[in-house]
Amino acid sequence: MPSVPKNGLLTALLTKNNGDEVPINANGGKAPVPIQTTSADLCYINVSGKQYITTHTCLQQYPLTLLGSTDKELYWIPELKSYYFNRNRDCFESILTFYQTGREFRPLSVDDDIYEAERKFFRIELKTRAPDTVVPMGETPDVYPICCAGDWKTTKKRVHRFLMDPRCSRWATAWHIMDILFICISITLLVMETDDNVTEAFKEGHAAYTYLFALNVLVIAFFTTDLLIRFVTWPGLLNFWKNLFNILDILSILPFYVSLIAEAFEDPSNGPVEHEHKSYVVLRVCRIFRIVRVFKFIRHSQDLIMIIKVVGHAKKELCLLILLLFIFSVSFGSLMYYIEHTANPQFSTIMQGCWWAIVTITTIGYGDIAPTTWLGKMVGSLVLTMGIVFLALPMTIIVGKFSTVYEKEKGKE
């Protein structure tokens, strides 16, 4: 077996020995013979202070580009012993990936205009690359032939990115702004329906009913369109149902269609009392689920999503807090019941004692239930003091865990 040459920062490469010996891989088959890289072939590129190392052979695969042609010699800096480009580093990593793999990985953190400007500077034009090779950084690319540039799979990825990432284009930003606007309109309509001053306008027969109903239909139509496109372009049908935000989107529009179906299948032969009762029940259930629409805001805030992730990481500490609250409330609630129930009818059950203990431990103090005996007041003072300690110690642990995980998640982002 020939010796393994070592070449600085590059991975060690195996070479043939006079063409007689061929390396054998772990599976017993013949391993491919790699091309030996010499120090003269190494190409050092400095982009805004960050050093990249590749080979001239790799770059010369695309002679029409800037790095693949002799024009790059204009950027040679003898003092640095490298080619220097005062360009965007994130974009250059994508450009270099094209030379190495034949595919570009567009970073999500870079605006499209900046990326296109960098691509044109390095002369990565359509004739030097497949038109469907740009995929977002972090996604697993699928290799498509050039003749299938407009196939359905590629279109799905582009539309899905359009819906999920408002930074990918101006149209995507406009779509997300419209989504937020319709969420605000929907919540406003929901709140207005409960106001006695305008609740009559939402009843059939009022002059404003037609306009309010049409506005509600427009909001639901937008939500439904967004959900259907998201469903069709989602990577994997099972993964779609695993996403919590998709479930919330379904629940947010479901009440509208349920109410329409209920009205369509109502039997007019039933009496007016029974008819009003059924409609009232359906409307109550629908209104409860319409509250879910407020959670659609979470999808548009990366910080809120990160906070939810942090809460998931701190679930042990939160469970400890809930466990301590349960132990203290049951203990002091039962004790207060046995002290107060004969002299104070407010403590008629242990459940009422537990309610008093929870309100006192959390330092809320509604005042709806209060001890009247001197022993009950002493126990109440003890519970109030322990409640301060109860909140202080676990919350310190939770806040510390929260800060650590939040900074870690922020760094990943």
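Helices and strands are DSSP runs, numbered from the N terminus. With that convention, serine 48 can be placed in the loop between β1 (42-47) and β2 (50-55). The model in which this loop appears is a predicted one. Phi of serine 48 is near 50 degrees, which is a positive value in a residue other than glycine. Serine 48 counts as partly exposed, because its relative accessibility is 24% and the partly exposed class lies between 20% and 50%.

The chain as a whole may now be considered. The protein chain has 13 helices and six strands. It comprises 413 residues, of which 34% count as buried. Among contacts between residues at least 6 apart in sequence, 58% join residues at least 24 apart.

A second residue with an unusual label may be set beside serine 48. Threonine 363 is not a glycine, yet it has a positive phi of about 60 degrees. Its place is in the loop between α12 (350-361) and α13. Threonine 363 has a relative accessible area of 42% and is therefore partly exposed.

The cysteines come next. The structure holds zero disulfides. Cysteine 43 is in no disulfide, and the nearest cysteine sulfur, that of cysteine 58, is 9.5 Å away. A disulfide would require a pair of cysteine sulfur atoms within 2.5 Å. Cysteine 43 has a relative accessible area of 1% and is therefore buried. Cysteine 354 also counts as buried, because its relative accessibility is 12%.

Leucine 67 offers a view of a buried position in a loop. This residue lies between α1 (56-59) and β3 (76-77), and its relative accessible area of 1% means that it is buried. Which residues is leucine 67 in contact with, leaving aside its neighbours within four places in sequence? They are Ile45, Leu59, Lys72, Phe85, Phe92, Tyr99 and Phe122. Leucine 67 and histidine 56 are 11 residues apart in sequence, and their C-alpha atoms are 8.7 Å apart in space.

The packing of helices can be followed through three pairs. In the pair formed by helix α5 (residues 170-192) and helix α6 (residues 209-233), the axes come within 10 Å and cross at roughly 135 degrees. Because of this angle, α5 is oblique to α6. The crossing of α5 and α6 is left-handed. On the α5 side, the contact is made by Trp175, Met178, Asp179, Phe182, Ile183, Ile185, Ser186 and Leu189. On the α6 side, it is made by Leu212, Leu215, Asn216, Leu218, Val219, Phe222, Phe223 and Asp226. By class, the contact of α5 with α6 has 12 nonpolar, two polar and two charged residues.

The second pair joins helix α10 (residues 302-313) to helix α11 (residues 315-340), which pack at an angle of about 65 degrees with their axes 5 Å apart. This angle makes α10 roughly perpendicular to α11. Val311, Gly312 and His313 of α10 make the contact with Lys315, Glu317 and Leu318 of α11. These residues of the contact of α10 with α11 divide into two nonpolar, two polar and two charged.

Helix α11 also takes part in the third pair. The axes of α11 and α12 come within 7 Å and cross at roughly 125 degrees, and α11 is therefore oblique to α12. The crossing of α11 and α12 is right-handed. From α11, the residues Leu325, Phe328, Ser329, Val330, Phe332, Gly333, Ser334, Met336, Tyr337 and Tyr338 take part. They meet Ile350, Gly353, Cys354, Trp356, Ala357, Ile358 and Ile361 in α12. How do the residues of the contact of α11 with α12 divide by class, and what is the count of each? There are 13 nonpolar, four polar and no charged residues in the contact of α11 with α12. Cysteine 354, described above as buried, is one of the α12 residues in this contact.

The last position to examine is valine 399, which is found in helix α13 (residues 374-412). Valine 399 is partly exposed, because its relative accessible area is 46%. Valine 399 and glutamate 317 are 82 residues apart in sequence, and 9.7 Å apart in space from C-alpha to C-alpha. Glutamate 317 has already appeared as Glu317 of α11, one of the residues in the contact with α10.

Definitions and conventions
Residues are numbered from 1 along each chain as its sequence is written. This is a predicted model: local features need pLDDT of at least 70, side-chain atom pairs count only at pLDDT 80 or more; totals for chains, interfaces and linings use all residues. Side-chain values use heavy atoms; hydrogens and water are left out. Axes are lines fitted to C-alpha atoms, for helices over the stretch in contact, and angles run from 0 to 180 degrees between N-to-C directions. Helices (H or I, at least four residues) and strands (E, at least two) are DSSP runs, numbered from the N terminus. Angles under 35 degrees count as roughly parallel, over 145 as roughly antiparallel, 65 to 115 as roughly perpendicular and the rest as oblique. A crossing is left-handed if the near helix is turned anticlockwise from the far one by less than a right angle, and right-handed if clockwise. Contact means heavy atoms within 4.5 Å. Ala, Val, Leu, Ile, Met, Phe, Trp, Tyr, Cys and Pro count as nonpolar, Asp, Glu, Lys and Arg as charged, and the others, Gly among them, as polar. Buried means under 20% relative accessible area, exposed over 50%, partly exposed in between (1.4 Å probe, protein chains only).
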